[in-house]
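Okay, thanks for coming, everyone. I'd like to walk you through one structure today, starting with the overall layout and then going helix pair by helix pair. Have a look at it first.

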Amino acid sequence: MNCFPVPYPDELIYSLVARAGIRSAITSSKQLLDEVFGDRKVIATIDLPSHLSAISELLVNTGKFDVSQLVYEHTMFPIYAPFIDESVRVRAMSRMKGFSRGSVHLMLGAPASIVKISDNFRICPACVEEQKQKYGESYWSRLWFLPSLPYCHKHGILSQSTTSYHDNRHTYHVCGRIQCQPFLCNENNKTEQQFVYLAKKAQEVMFLPIQESPTQNQWSLFYNNLAHDFGYGKGNKQVAHEKIADLVVNKIVIPELAIDSNRDTNWLRTIFRRHRKAFSYLQHLIVWSAFIPDMTVSEIINEVKSEDKVTVSLQKNHVDLDSKSSKVKRNKWKSLISTTPINIARTLSGGGALYAWLYRNDRDWLLAFNSANKSQSALRQKKVDWSARDRSLTKQLLRVVDQFDGVIESPRRTKNFLLKQLEGYGSISKKLNLLPLLSFTLNRYQESVFEFQARRLAMTVIVNLRAGDRKSRWQLMRSASLPKERILPIIDDLLDWVVTGSN
Ligand SMILES: [Zn+2]
């Protein structure tokens, strides 16, 4: 096939084939399958397509897009990959290369999972606009087809079509030709935040580099340790399921994942037990959002993969740490806490991950350090009455301005210069947005370039008069450091007046 299109970022293979049809003006589905795959029986699959070696072949001239790249960047495979067994991951990828006859879906547990890929087309209208601006056409992005998560982390709830792509098993529809209507959904502020979190993290999962999957045993250990690390353990190995449910339940904003807390086999309980089967990405993400919201997905996966590398009976805190990395992390935390209260530092991006790392690897030090610094940060957090502060600082500023009024000398009285005359300059210079009166007064009384040039001229004239000197125009200009090219017209006039007046 000639002029086969090159995939756009995150474009689904399905979308690519649809565009190929348009580009080559092929209207018959069977003919398109023939041209692209050399096989008329291929089923048009949105999420986990097969026959990818044929696509890779068509893109050979680009020097990119081997089968693994296609799988990881242009299908929904990565949303399953970290959570399934390595052997399944490898087999599924090889099926996607050639024939699969639906087996990939089965292997990845997609049909049995409680979170389901949508059968209907979905779009984010704002992303579609961005695509059109950037590329002159729209395409199906894989980020719109996250199972049970119809949400764009940049623009919100997606729109959905009433047509299913299963309607015709061999037809590829282009994005621009399918009508979609907004999902009806009554999200409030809190669920919206959670949707944004889930969509962002799902994207991080989709963007993970190609790598081996952790084992189910590593996942089991990871969740058990997570519960114990955060005080949700019971005895040595058990976890307190009820307490965990209290923490997690309000993070469950996906109806399919609602749990019956009384049932011993609800998914939240089983994810904290020995993993016998893979859980869906959303179940993992929901637990992470409650326990470790600030850790990046790749930090979490690394953590999981390190699980059974350490003897289980060893207490995590006492693991002989790579003392250098621990020291670096301690110093980073110290410097963060020197400017930010602990509870706020934990919510900062980077701060939270640092906290989680130290909590898991260097807990004794972290807890000791935090409790020693808590009192200080409590003091810092004490509410400042900014409007009272604003009034008192403004009064102080007016006194300063008053004092300078009769003083001819001093550098240019810029805002910063005036601020530096105030008590507590360091702490207020960055808080001017909270001090409207002070800002206004600073703007009013700061010295303009003209005022400063005039003052320099006056300073020079006064010195000369005292010394009984008479200077020419250019001598005055030089003594007052008034550069010829930058002198303002009004100062120029003033100079004339000084020279003729004093003559
Ligand atoms: Zn969007």
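So, let's begin with domains. The domain assignment splits out three pieces of the chain: domain 1 covers 324-372, domain 2 covers 386-447, and domain 3 covers 450-502. If you take the centres over C-alpha atoms, domain 1 and domain 2 sit 36 Å apart. And please keep in mind that what you're looking at is a predicted model.

Stepping back to the whole chain, we've got 24 helices and seven strands. The radius of gyration comes out at 33 Å, whereas the globule rule gives 23 Å for 503 residues, so the chain is more spread out than a compact globule. In terms of extent, the C-alpha trace spans about 105 × 65 × 45 Å along its principal axes.

Now for the helix pairs. One of them lies inside the domain 2 range, 386-447: helix α18, residues 386-405, packs with helix α21, residues 436-445. The angle is about 20 degrees and the axes are 8 Å apart. Angles under 35 degrees count as roughly parallel, and α18 and α21 are therefore roughly parallel to each other. The crossing is right-handed. On the α18 side, the contact uses D390, R391, L393, T394, L397, L398 and V401. From α21 you get P436, L437, L438, T441, L442 and Y445. Sort the residues of that contact by class and you have nine nonpolar, two polar and two charged.

Next pair: helix α8, residues 189-206, against helix α12, residues 281-291. Here the angle is about 120 degrees, with the axes 10 Å apart. That makes α8 oblique to α12, and their crossing is right-handed. Who's touching whom? α8 brings Q194, Y197, L198, K201, A202 and V205, and α12 brings Y281, L282, L285, I286, W288 and S289. The tally for the contact of α8 with α12 is nine nonpolar, two polar and one charged.

Last pair, and we're back towards the start of the numbering. Helix α4, residues 67-74, packs with helix α5, residues 86-97, at about 105 degrees, and the axes are 10 Å apart. So α4 is roughly perpendicular to α5. From α4 the contact takes V67, S68, V71 and Y72, while α5 supplies R89, M93, M96 and K97. By class, the α4 and α5 contact residues are five nonpolar, one polar and two charged.

So, to recap the geometry: α18 and α21 are roughly parallel, α8 is oblique to α12, and α4 is roughly perpendicular to α5. That's it from me, thanks!

Definitions and conventions
Residues numbered from 1 in each chain as written. Predicted model: local features only at pLDDT ≥ 70, side-chain atom pairs only at ≥ 80, totals over all residues. Heavy atoms only, no water. Axes fitted to C-alpha atoms, helices over the stretch in contact; angles between N-to-C directions. Helix = DSSP H or I, 4+ residues; strand = E, 2+ residues; numbered from the N terminus. Parallel < 35°, antiparallel > 145°, perpendicular 65-115°, else oblique. Left-handed = near helix turned anticlockwise from the far one by under 90°. Contact = heavy atoms within 4.5 Å. Nonpolar A, V, L, I, M, F, W, Y, C, P; charged D, E, K, R; others polar. Domains from an automatic or database assignment. Rg over C-alpha atoms; globule rule 2.2 N^0.38 Å.
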